[in-house]
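Work through the following exercises with the sequence and the model at hand. Each task is followed by a solution in steps.

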Amino acid sequence: MARYGLEDFDADQIDDRPIAVVLSLSRSRMLNMRILLAGLVALFIATRPGWGQEAQTASDVQKGRQLAILICANCHVAASSQPFEPILQPPASSFESIAQRESISADWVQTFLATTHRGLDNPRGMPNPELLESQIKQVAAYLLSLRKNP
Ligand code: HEC
């Protein structure tokens, strides 16, 4: 009986993909599908409500901060360490200054973020940022974490 060593196998001939898939999809389409799938998984993980739901946790504040820098920082100074200046000039009130207002509560911020404030009567009002409910809670938690005398 002939004995085969590893060097007898041509790696190119080894293919563990089901043959139907290989026939119907080109490599680049498979790659696209993989990227799409990875994106969907990431979205699922990012938007999945946490176990502790209602409790405002340090990770809520942390996620809210990231969202704020990504989205809100275009128009507000959302964090003193944000990597770029707001595009809106002059910018809307800084989050630090908003957080010090006594009239502001988590509920108020959440309601504010779930609606639009821009219209014919107020063309410079803030547009609805179209966040998910879980993201609204995170951003509100972050904003209020900037309050100096809670
Ligand atoms: C396209 C620009 C823009 C973006 C993006 C934006 N805002 Fe605003 N925001 C404004 C403007 C302009 C105002 C003030 C006018 C108004 O009340 O509508 C405002 C007002 C606010 C207020 C009320 C405080 C006040 O000055 O009356 C809060 C709270 C707020 N923004 C939070 C956020 C959060 C949180 C985000 C990110 C999720 C965000 N904003 C993204 C433009 C923006």
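**Exercise 1: Val139 and the core**

Val139 touches Gly64, Leu67, Ala68, Leu113 and Leu131, leaving out residues up to four places away in sequence; two residues are in contact if their C-beta atoms, placed from the backbone, lie within 7 Å. The model is a predicted one, in which local features need pLDDT of at least 70, side-chain atom pairs count only at pLDDT 80 or more, and totals for chains, interfaces and linings use all residues. Residues are numbered from 1 along each chain as its sequence is written.

Task: Which residues have the most contacts inside the largest nonpolar core, and which elements give two or more residues to this core?

Solution.
- Step 1. A nonpolar core is a set of buried Ala, Val, Leu, Ile, Met, Phe, Trp, Tyr and Cys residues joined through C-beta atoms within 7 Å. A residue is buried if 20 or more other C-beta atoms lie within 10 Å of its own, exposed if 12 or fewer, and partly exposed in between, with C-beta atoms placed from the backbone.
- Step 2. The largest such core has 15 residues, and Ala68, Val139, Ala140 and Leu143 have the most contacts inside it.
- Step 3. Helix 3, helix 5 and helix 6 each give two or more residues to this core. Helix 6 provides the largest share, seven residues.
- Step 4. In soluble globular proteins, nonpolar side chains tend to be buried together.

**Exercise 2: Two helices in contact**

Task: At roughly what angle do the axes of helix 3 and helix 6 cross?

Solution.
- Step 1. Helices (H or I, at least four residues) and strands (E, at least two) are DSSP runs, numbered from the N terminus. The protein has six helices and zero strands.
- Step 2. Axes are lines fitted to C-alpha atoms, for helices over the stretch in contact, and angles run from 0 to 180 degrees between N-to-C directions. The axes of helix 3 and helix 6 come within 7 Å and cross at roughly 95°.
- Step 3. Helix 3 is therefore roughly perpendicular to helix 6 (angles under 35 degrees count as roughly parallel, over 145 as roughly antiparallel, 65 to 115 as roughly perpendicular and the rest as oblique).
- Step 4. The contact involves, among others, Gly64, Leu67 and Ala68 of helix 3 and Val139, Ala141 and Tyr142 of helix 6.

**Exercise 3: Ala78 and Gln100**

Task: Is Ala78 buried or exposed? Where does Gln100 lie?

Solution.
- Step 1. Ala78 is placed in the loop between helix 3 (58–70) and helix 4 (95–100). Ala78 counts as buried because 28 C-beta neighbours are found inside 10 Å.
- Step 2. Beyond its neighbours within four places in sequence, Ala78 is in contact with Ala68, Ile69, Cys72, Ala73 and Phe95.
- Step 3. Gln100 lies in helix 4. With 13 other C-beta atoms within 10 Å, Gln100 is partly exposed.
- Step 4. Gln100 touches Arg147 and Lys148, not counting residues up to four places away in sequence. The C-alpha atoms of Gln100 and Asn149 are separated by 7.9 Å, although these residues are 49 residues apart along the chain.

**Exercise 4: The shell around the ligand**

Task: Which helix gives the most to the shell around the ligand?

Solution.
- Step 1. A residue is near a molecule or strand if its C-beta atom, placed from the backbone, lies within 6 Å of it. Of the 22 residues around the ligand, Cys72, Cys75, Ala92, His117 and Met126 come nearest.
- Step 2. Helix 5 (106–113) and helix 6 (133–145) each supply at least two residues of the shell. Helix 5 gives the most, with three residues.
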